[in-house]
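Work through the exercises below with the sequence and the 3D structure open. Each task is followed by a solution in steps.

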Amino acid sequence: MPREITAYSNPLIKRIRSLREKRHRRDEGLFLAEGLRILTEAREAGRIPQYLFFARDSAAHPLVLALVEAVEAAGGEAIETVPDILSKLSGKDNPQAVVGVFAEFTRTLDSLDRTSATIWLVAERLRDPGNLGTILRTGDAVGAGALILIGECVDPFSVEAVRASMGALFTVPVVQCDWAAFLPWLRGGAGQLVGLSLDTDTNYRAAHYVAPTFLLTGNEAQGMPDDYAAACDLLVKIPMLGKADSLNAAVATAVMAYEVLSRR
């Protein structure tokens with residue numbers, strides 16, 4: 001049966017709240033996810049939190065009951081609490097009804113099966129958690145094989161990135177690696193590397209895409225390094241008709257992903 005915690009001073013509350021900071025997440029190997037929709041997506045994807053905090057007034061909700069059952073069956077702990085505690089954990093004044101604490105999970109390049117999907121997303125030095133979450137959502141929508149993060153990217157397990165992913169963190173494999181590991185792996189099998197670039201005359205609608213297609217998006221402010229661009233099989237450009245010189249990284253990735261999808 002779930003236990004009850006209502007005191008801010010409870011050691012577990014203090015420990016879980018610290019997971020909002022990256023160094024504590026890395027030390028513990030744990031991260032926070034909030035919201036009934038996101039946690040239900042996680043459960044359906046086979047990811048069960050180690051701890052589940054839920055509000056008293058949501059205890060009878062069938063999806064909350066399903067989460068409690070799944071957590072307890074997996075040997076985790078379900079904890080009934082009050083909105084103020086949930087607010088303390090999530091950092092939001094209007095907290096969601098549930099907060100889950102999950103073990104961090106990452107994949108390796110060698111664990112990926114490039115025949116499992118025709119579209120793969122690759123992001124280089126992505127800095128904004130909102131962009132990362134949105135790209136994950138795009139990956140889920142187009143059936144991408146994975147999101148491969150190159151170099152010093154924002155932490156995919158940050159509260160902001162998890163929230164922005166709307167559950168896609170649990171459905172789209174995420175790999176973190178450096179360029180020196182990625183490029184040999186890519187060239188070890190089939191795969192067309194397509195870079196989104198301003199330094200090309202090739203319109204993205206006129207290009208020829210070969211499956212599996214790996215879409216490479218560069219850093220939001222600086223784009224991709226010259227040597228990365230030189231390694232691409234194809235560079236494409238999304239036309240800009242206004243005064244802005246580029247699209248948001250997540251928007252550009254979505255435009256490209258759906259263009260490639262439309263060719264399949």
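## Exercise 1: the enclosed space

The lining of the largest cavity is made up of 6 nonpolar, 1 polar and 3 charged residues. The model is a predicted one.

**Task.** Find which residues line the largest cavity and which elements each supply at least two of them.

**Solution.**

Step 1. Count the cavities: the structure has 1 of 30 Å³ or more. The space in the largest cavity is about 60 Å³.

Step 2. List the lining: Arg20, Leu32, Ala33, Glu34, Leu89, Ser90, Val99, Val159, Val162 and Arg163.

Step 3. Assign the lining to elements. At least two residues each come from β2 (30-34), α5 (83-90) and α7 (159-165).

Step 4. Look at α5 in its own right. Its buried residues are Ile85, Leu86, Ser87, Leu89 and Ser90, where buried means under 20% relative accessible area. Leu89 and Ser90 also belong to the cavity lining.

Step 5. Ask what these buried residues pack against: α1 (11-17), β2, β3 (51-55), β4 (77-81), β5 (98-103) and α7. After α5 comes Gly91, with a positive phi near 80 degrees.

## Exercise 2: reading the open sheet

**Task.** Give the strand order of the open sheet of 5 strands, and state which strands are at its edges.

**Solution.**

Step 1. Begin with β1 (residues 3-4), which pairs with β4 in the parallel sense over 2 bridges. Glu4 is opposite Glu80 of β4.

Step 2. Go on from β4 to β3. The two strands run parallel and are joined by 5 bridges; Ala55 faces Thr81 in β4.

Step 3. Continue from β3 to β5. This pair is antiparallel, with 4 bridges, and Leu52 has Gly100 in β5 as its bridge partner.

Step 4. Write out the order: β1-β4-β3-β5-β2, with mixed pairing. The edge strands, each paired on one side only, are β1 and β2.

## Exercise 3: the nonpolar cores

**Task.** In the largest nonpolar core, identify which residues touch the most other members and which helix gives the most residues.

**Solution.**

Step 1. The largest nonpolar core has 52 residues, and Tyr209 and Met256 touch the most other members.

Step 2. Helix α10 (residues 249-263) makes the greatest contribution to this core, 6 residues.

Step 3. List the contacts of Met256, leaving out residues up to four places away in sequence: Val194, Leu196, Tyr204, Tyr209, Leu215, Val236 and Ile238.

Step 4. Set apart a second, separate core. It has 22 residues, among them Trp120, Ile148, Phe214 and Ala231.

Step 5. Add the general background: in soluble globular proteins, nonpolar side chains tend to be buried together.

## Exercise 4: the largest pocket and Glu124

**Task.** Describe the lining of the largest pocket, then decide whether Glu124 is buried or exposed.

**Solution.**

Step 1. The largest pocket holds about 600 Å³ of space.

Step 2. Its lining has 26 residues, and Leu196, Ser197, Leu198, Gly223 and Ser246 lie nearest the pocket centre. By class, the lining divides into 13 nonpolar, 8 polar and 5 charged residues.

Step 3. Among the elements, α9 (226-231), β11 (234-236) and α10 each supply at least two lining residues.

Step 4. Turn to Glu124, which is in strand β6. Its relative accessible area is 2%, so Glu124 is buried.

Step 5. List what Glu124 touches, not counting residues up to four places away in sequence: Ile150, Cys153, Leu216, Thr217, Gly218, Asn219, Gly223, Met224, Pro225 and Tyr228. Gly223 is also one of the residues nearest the pocket centre.

## Exercise 5: backbone angles in loops

**Task.** Locate the cis peptide bond before Pro212, and place Arg125 and Met166.

**Solution.**

Step 1. The bond from Ala211 to Pro212 is cis, with omega near -5 degrees. Pro212 is in the loop between β9 (192-196) and β10 (213-217).

Step 2. Arg125, a residue other than glycine, has a positive phi near 50 degrees. It is in the loop between β6 (119-124) and α6 (129-142).

Step 3. Met166 is not a glycine either, and its phi is positive, about 50 degrees. Met166 lies in the loop between α7 and β8 (174-177).

Step 4. Classify the exposure of Met166: its relative accessible area is 27%, so Met166 is partly exposed.

Terms used: Residues are numbered from 1 along each chain as its sequence is written. This is a predicted model: local features need pLDDT of at least 70, side-chain atom pairs count only at pLDDT 80 or more; totals for chains, interfaces and linings use all residues. Side-chain values use heavy atoms; hydrogens and water are left out. A nonpolar core is a set of buried Ala, Val, Leu, Ile, Met, Phe, Trp, Tyr and Cys residues joined through side-chain atoms within 4.5 Å. Buried means under 20% relative accessible area, exposed over 50%, partly exposed in between (1.4 Å probe, protein chains only). Contact means heavy atoms within 4.5 Å. On a 1 Å grid over the protein atoms alone, a cavity is a set of points where a 1.4 Å probe fits but cannot get out, and a pocket is an open set with protein on both sides within 12 Å along at least five of seven lines; lining residues have an atom within 4 Å of a point. Grid points are joined across faces, edges and corners, and a volume is the space filled by probe spheres set on the points. Ala, Val, Leu, Ile, Met, Phe, Trp, Tyr, Cys and Pro count as nonpolar, Asp, Glu, Lys and Arg as charged, and the others, Gly among them, as polar. Two strands pair if DSSP finds at least two bridges between them.
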